[in-house]
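Me: I am new to reading protein models. Please take one part of this one and walk me through it closely.

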Amino acid sequence: MLEYRKARAEEAADILDFINYVFSQAHRPHDFKKFNPAMYGGDYPFWKEHYVAVRDGRIKATLSVSKRESDCAGVHLTRAHIGQVSVHPYERGEGHMKHLMRMADEDMAAAGYDYAELNGLRQRYQYFGYTQGNVRYMLDVTPTNIRHTLGEAAPRLIWQDGRLLDGEGVQHGTLNGGRLTLDDYSLAADACAAYLNATGADSLRLSVAPYETACLRAVGAFCENTTLQTTMQYRVYHFDRVLLAGLGLRAAAGLLPDGEATLNVEGEAWHMVCKDGKATVEPGDPAAAPMLTKMQAQDLMFSPLSRALYPDMPAEWFPISL
């Protein structure tokens with residue numbers, strides 16, 4: 001018998017064994033207790049977040065949906081992060097993931113999520129309504145960059161477990177997972193030097209959103225290479241809230257010129273206005289703009305090619321990043 005459903009408490013150990021097996025076969029040895037200890041390493045009931053395909057009592061496919069929340073430019077967004085998408089090698093092509101993704105999508109929409117996010121191949125998840133997005137600048141910093149920037153001066157910071165501390169132990173920011181935050185970005189080179197010295201790495205790649213202009217200016221002055229890339233895939237459920245958050249972040253950074261436009265998403269329209277550095281998004285007239293599919297609207301919002309794809313939209317408004 002084959003069934004598609006939410007996982008059960010007694011299946012927790014089997015889920016962990018299953019995802020370790022599938023990911024180890026497809027990529028490299030995986031141990032999700034070590035890779036994601038917050039979810040799999042303790043007493044957290046991770047099985048509640050998993051959807052499973054079960055045949056004759058054995059798991060054949062699974063994915064997880066984790067609730068995450070963030071505040072973006074005064075907009076509180078609730079998103080679903082989809083992970084551990086895995087199918088047993090002998091069961092591929094049976095349509096298990098189509099069933100599980102459909103179940104998850106229905107539940108996320110009913111639960112009121114603003115959007116869902118995941119990582120993976122574009123064409124694989126395009127079938128499920130996901131669009132590449134979350135544009136980030138990738139800034140590569142090498143010891144040579146630091147040597148020519150700081151000269152003979154010793155770094156004014158030390159890196160310790162992701163924290164950036166001065167000589168008296170006062171924290172001035174964090175550097176973790178490629179994300180740098182500082183209370184004073186004149187310390188950017190010192191922060192990068194502290195990380196490279198502490199870890200012995202031969203380079204550091206920073207991921208910086210377009211609206212993080214202070215960080216971009218500081219690190220861009222000395223980094224080796226700069227590239228622009230998408231880092232996530234999105235499916236939007238509430239276009240108005242996601243638009244308001246993304247445009248608001250750009251507006252707060254001074255990246256949103258004054259203007260107005262209407263976005264018509266399959267007959268539901270949103271009128272967007274930017275004035276004096278503030279963005280608003282209100283219900284609009286569908287007749288005021290050509291109708292786009294949800295996928296087209298998501299491309300407009302998130303694609304780094306949005307200006308070329310939709311030149312009638314106000315310049316510099318898109319892509320948005322969250």
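Reply: Here is a close look at one sheet, followed by a loop residue beside it in the discussion.

Keep in mind that this is a predicted model.

Start with the strand order. The sheet is open and has four strands, in the order β15-β14-β13-β16. Its pairing is mixed. The edge strands are β15 (278-283) and β16 (291-292). Each of these two pairs on one side only. What holds paired strands together? Strands of a sheet pair through backbone hydrogen bonds, either parallel or antiparallel.

Now take β13 and β14. Strand β13 covers residues 259-265, and strand β14 covers residues 268-275. The two pair in the antiparallel sense, over seven bridges. To find the pairing in the view, look for Glu-260. Glu-260 stands opposite Val-273 in β14.

Move on to β14 and β15. These two strands also run antiparallel, and six bridges join them. Here His-271 is a good marker. His-271 stands opposite Glu-282 in β15.

How does the chain get from β14 to β15? The two strands form a hairpin, with two residues between them. Asp-276 is in the turn. Asp-276 has a positive phi of about 55°.

Next, add the helix. Helix α9 is made of residues 239-252. Helix α9 lies across β13, β14 and β15. Against β15, helix α9 runs at about 165°.

Finally, go to the other edge strand, β16, and step past it. Thr-293 sits in the loop between β16 and α10 (294-302). Is Thr-293 buried, exposed or partly exposed? Its relative accessible area is 35%. Buried means under 20%, and exposed means over 50%. Thr-293 is therefore partly exposed, because 35% falls in between.

Which residues does Thr-293 touch, leaving aside its neighbours within four places in sequence? Thr-293 is in contact with Val-265 and Glu-266. Val-265 belongs to β13, which spans residues 259-265. Thr-293 and Glu-266 are 27 residues apart in sequence. In space, they are 5.4 Å apart, C-alpha to C-alpha.

Put the pieces together. Follow β15, β14, β13 and β16 in that order. Find the hairpin that β14 and β15 form. Then place α9 across β13, β14 and β15. End at Thr-293, in the loop that follows β16 and leads to α10.

Technical notes
Residues are numbered from 1 along each chain as its sequence is written. This is a predicted model: local features need pLDDT of at least 70, side-chain atom pairs count only at pLDDT 80 or more; totals for chains, interfaces and linings use all residues. Side-chain values use heavy atoms; hydrogens and water are left out. Two strands pair if DSSP finds at least two bridges between them. Contact means heavy atoms within 4.5 Å. Axes are lines fitted to C-alpha atoms, for helices over the stretch in contact, and angles run from 0 to 180 degrees between N-to-C directions. Buried means under 20% relative accessible area, exposed over 50%, partly exposed in between (1.4 Å probe, protein chains only).
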